[in-house]
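Below, a single chain is examined through a series of questions and answers. Please look over its sequence and model before reading on.

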Amino acid sequence: MDLDDAVLLLVDYQQAFDDPSWPRRWNSDVDRNGLALLAAWRRAKRPLIHVRHDSVEQASTLRPGAPGNALRPGFEPLPGEQLVTKSVNSAFIGTDLDLRLRRLSAKTVVTCGISTDMCVSTTIRTGANMGWNMMLVEDACDCFDLPDGKGGSVPAEEVHRAHVATLGFEFCRVATTRDVVSAL
């Protein structure tokens, strides 16, 4: 795995997702894996970009000013690290992410965060369609149980598995935290 031209993109590691109003999440290791990846990336002195969802919905736990809008402990940008704010699922839509990546001479975008099926997936799909070499660090992601539209729900583990399979088939390379840390 060659990461010489890669930028780490940390998507929506925000405190809102611990709010009881959100459905059940499955990956109890999401913070541990995300922080291990972030620490290794920083040690390697590689470029990274944090992404924060600033919801425009007044009742959202992700709206600016709400406690949940804050990044999770340990995921806050250090001096000199970039932060992109977005209000839709894709970190490329309505932001200058594409320009920032070009200015960093990136070719590969190593992506992880919350949630696998929403903002992470949409960012990877958009990035791939724009010509970026996308990579998903699947064990540094998390997602939620979702209503199935028939009165039941789809367990978060199945939602994650299906999205990793779809993304890996068409839009990106899939890796684990261990794979990426070892390659650094």
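Q: Does Asp 12 count as buried or exposed, and at what relative accessibility?
A: In this predicted model, Asp 12 sits in the loop between strand 1 (6-11) and helix 1 (30-43). Residues under 20% relative accessible area are taken as buried. Asp 12 therefore counts as buried, with a relative accessibility of 1%.

Q: What is the phi of Asp 12?
A: Most residues other than glycine have a negative phi. Asp 12 is not a glycine, yet its phi is positive, with a value near 55°.

Q: Is Lys 45 buried or exposed, and what is its relative accessible area?
A: Lys 45 lies in the loop between helix 1 and strand 2 (48-53), and it has a positive phi of about 55° although it is not a glycine. The cut-off for an exposed residue is over 50%. Lys 45 is therefore exposed, with a relative accessible area of 73%.

Q: Which peptide bond is cis, with omega near 0°?
A: Most peptide bonds are trans. A cis bond leads into Ser 115, a residue found in the loop between strand 4 (108-114) and helix 3 (116-129). The cis bond, with omega near 0°, is the one from Ile 114 to Ser 115.

Q: Which residue has a backbone oxygen 3.3 Å from a polar atom of the side chain of Thr 111?
A: Thr 111 belongs to strand 4 and, at 0% relative accessibility, counts as buried. Leaving aside residues up to four places away in sequence, Thr 111 touches Leu 9, Val 11, Val 120, Ile 124, Met 134, Met 135, Leu 136 and Val 137. The backbone oxygen that lies 3.3 Å from a polar atom of its side chain is that of Val 109.

Q: In what order do the elements of the chain run from the N terminus on?
A: The chain has five helices and eight strands. Among its contacts between residues at least 6 apart in sequence, 78% join residues at least 24 apart. From the N terminus on, the order of the elements is β-α-β-β-α-β-α-β-β-β-α-β-α.

Q: What radius of gyration does the chain have, and what would a compact globule have?
A: The C-alpha atoms fill a box of roughly 45 × 35 × 30 Å, taken along the principal axes, and buried residues make up 47% of the 184 residues. A compact globule with 184 residues would have a radius of gyration near 16 Å, and the value for the chain, which agrees, is 15 Å.

Key
Residues numbered from 1 in each chain as written. Predicted model: local features only at pLDDT ≥ 70, side-chain atom pairs only at ≥ 80, totals over all residues. Heavy atoms only, no water. Helix = DSSP H or I, 4+ residues; strand = E, 2+ residues; numbered from the N terminus. Buried < 20%, exposed > 50% of the residue type's maximum accessible area, 1.4 Å probe, protein only. Polar contact = N/O pair within 3.5 Å; in protein donor to acceptor, adjacent residues only side chain to side chain. Contact = heavy atoms within 4.5 Å. Rg over C-alpha atoms; globule rule 2.2 N^0.38 Å.
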